Amino acid sequence: MSIKIGDRVPDGTLAEYVEVASEGCAIGPNNFQVSDLVKGKTIAVFAVPGAFTPTCSEKHLPGFLELADKLKAKGVDEIWCVSVNDPFVMGAWGRERGVQGRVRMLADGSAEWTKKLGMELDLTARGLGIRSRRYSALLQDGVVKQFNAEQGGDLTVSDAGTLLGQL
């Protein structure tokens, strides 16, 4: 059973490759608790099956980068891109795509949080292991206010424009 509107997102650990050290965050992979990250914030989150994959790199992530300012103007505090990849891959993908702090590139390396959400996708037969289904969501203080899950490999409802229209 997957998460739905009205549910509180489960706690879990997501990792982010931090490029510039700050108070409390060293350069390199840093682990964050979802429960801490969502407190008091409105977050637009979208999940992709994999970093550097065609639809994810050419359409899904670029759409959120393009509309980042509009999403934030509508009250979104942070935009998260979550993928079942390691934080080194997510950091490299973010650098390559020029996210520059507009989108947090968060790794769910072992798919633990993705499984808690009920959004895992088994691509083992294709040599890709367990991944995340493609979706977008709006979280307010950890509660799901909008949820858009794709069927199959489509990108028709989890895009940035759809989420922006729901704000």
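**Group meeting: the sheet and His-60**

Okay, so let's start with the sheet: seven strands make an open, mixed sheet, running β2-β1-β5-β4-β3-β8-β9. Two strands count as paired if DSSP finds at least two bridges between them, and the strands (E, at least two residues) and helices (H or I, at least four) are DSSP runs, numbered from the N terminus. At the edges you've got β2 (28-33) and β9 (143-149), each with a single partner strand, so one side of each has no neighbour in the sheet.

A quick word on the source: this is a predicted model, where local features need pLDDT of at least 70, side-chain atom pairs count only at pLDDT 80 or more, and totals for chains, interfaces and linings use all residues. Residues are numbered from 1 along each chain as its sequence is written, and side-chain values use heavy atoms, with hydrogens and water left out.

pLDDT is the predictor's confidence in each residue, from 0 to 100. The chain's mean is 92, with 98% of residues at 70 or more. Strand β8 (residues 135-140) is highest at 98, and helix α2 (residues 54-66) is lowest, at a mean of 83.

Back at the β2 edge, β1 (residues 13-18) runs antiparallel to β2, joined by six bridges. One pairing to look up: Tyr-17 has Pro-29 in β2 as its bridge partner.

Now, His-60, which sits in helix α2. Is His-60 buried or exposed? Buried, at 1% relative accessible area; the cut-off is under 20%, with a 1.4 Å probe and protein chains only. Leaving aside neighbours within four places in sequence, His-60 is in contact (heavy atoms within 4.5 Å) with residues including Phe-46, Tyr-135 and Asp-159.

Conventions. Buried < 20%, exposed > 50% of the residue type's maximum accessible area, 1.4 Å probe, protein only.
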